[in-house]
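Visitor: I would like to go through this model with you and ask, for each label, what it rests on.

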Amino acid sequence: MASDLHIHTSFSDGKFLPEEIVEKSKQLGLKYIGITDHDTIDGIADLYDKGFYPATGINIIPGIEMSADSEKHEIHILGYNIDIFNEELRENLIEVSEARWTRFSEIIEKLNNEGYDITETEVLTLAGASRSISRSHVARVLVKKGIFKTVREAFNTLLERGKPCYVPHFRLSVKKIIELIHSAGGIVVLAHPKLIYDDDSVQELLDLGMDGIEAYYPEHNDIDTARYINYAKKRNLIISGGSDYHGIGARHNIELGEFELDDKFAKQIFEMKK
Ligand code: AMP
Ligand code: MN
Ligand code: MN
Ligand code: MN
């Protein structure tokens with residue numbers, strides 16, 4: 001049996017509804033899954049409301065992936081076992097997702113100014129139930145309209161940091177995110193450290209009070225993983241891992257079930273309370 005602790009749903013920028021993710025994961029025989037939407041826990045709340053969480057036949061870890069404020073790096077932080085009813089967390093997430101809407105309008109304006117034919121309505125139609133509008137929704141529309149071949153190409157040309165239509169959005173500080181996740185009873189894990197592209201910063205981030213590191217990730221090779229496990233051992237941190245599945249063309253096109261995290265890591269997180 002295998003597990004996957006980094007999965008997106010249509011409540012952020014994934015393709016499938018949370019209940020579809022649960023069903024697919026069960027069929028694939030995954031034992032533990034972490035639902036980790038960007039800046040929202042509404043997907044888990046939706047599962048709960050519909051009676052799919054807690055589930056039988058699979059262990060669902062209620063999670064989140066939050067983007068942290070940083071001038072230089074793209075820092076993402078995962079929270080696991082969070083109390084989805086925690087008021088302070090909810091209030092802060094509302095502030096972050098509202099800022100994403102303003103920023104989304106600015107992205108469309110920049111694209112129009114650069115001569116790209118795209119409207120807010122087209123993106124909102126594609127984004128559907130999303131509570132957390134993101135650059136990847138915009139990129140998907142650009143691909144759908146035949147302007148770019150892949151989501152990745154749209155990012156590389158226009159949407160990435162430093163590119164003509166990049167707009168940052170309001171993000172909480174690393175310290176605030178750690179504090180919020182902890183106060184909601186959660187475990188804090190540094191996401192995909194390789195995508196920070198600076199191991200000194202990775203180690204400094206871990207020392208700010210993280211509980212763990214996502215050592216297993218599709219874009220990490222064995223040497224990367226071993227290095228991150230070593231960072232964890234030195235600090236007595238837990239080890240996590242996940243596919244970052246979106247169900248659509250994203251950074252990488254991995255299918256659910258292709259990436260396998262050893263259950264022992266997932267079990268440890270599932271049973272851990274702060
Ligand atoms: P945002 O949260 O709006 O800044 O958008 C970031 C999202 O876009 C990430 O969660 C990824 O799903 C996706 N993404 C980021 N960088 C890339 C890239 N280079 N290629 C494809 N997708 C990307
Ligand atoms: Mn994403
Ligand atoms: Mn991420
Ligand atoms: Mn992710």
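Visitor: Why is His76 called buried?
Guide: In this predicted model, His76 has a relative accessible area of 12%, and because buried means under 20%, His76 counts as buried.

Visitor: What makes His76 a donor of the manganese ion (ligand 3)?
Guide: The protein donors of this ion, namely Glu65 through OE, His76 through ND1 and His192 through NE2, lie 2.1 to 2.2 Å from it; a donor has to be an N, O or S atom within 2.8 Å of the metal, so these atoms qualify.

Visitor: How do you know that the pair His76 and His192 links distant parts of the chain?
Guide: His76 belongs to strand β4 (residues 75-80), while His192 sits in the loop between β5 (187-190) and α8 (199-206), 116 residues apart. His192 has a relative accessible area of 4%, and since the limit for buried is under 20%, His192 is buried too.

Visitor: Which residue bridges the manganese ion (ligand 3) and the manganese ion (ligand 4)?
Guide: Glu65 does, and the two ions lie 3.5 Å apart. For the manganese ion (ligand 4), the protein donors are His6 (NE2), His8 (NE2), Glu65 (OE) and Asp244 (OD), lying 2.1 Å from it, and along the chain they follow the spacing H-x1-H-x56-E-x178-D.

Visitor: Why are Glu65 and His8 called buried?
Guide: Glu65 has 1% relative accessibility and His8 has a relative accessible area of 0%; as buried means under 20%, the label therefore applies to Glu65 and to His8.

Definitions and conventions: Residues numbered from 1 in each chain as written. Chains lettered and ligands numbered in written order. Predicted model: local features only at pLDDT ≥ 70, side-chain atom pairs only at ≥ 80, totals over all residues. Heavy atoms only, no water. Donors = N, O, S within 2.8 Å, 3.2 Å for Na, K, Ca; no water. Helix = DSSP H or I, 4+ residues; strand = E, 2+ residues; numbered from the N terminus. Buried < 20%, exposed > 50% of the residue type's maximum accessible area, 1.4 Å probe, protein only.
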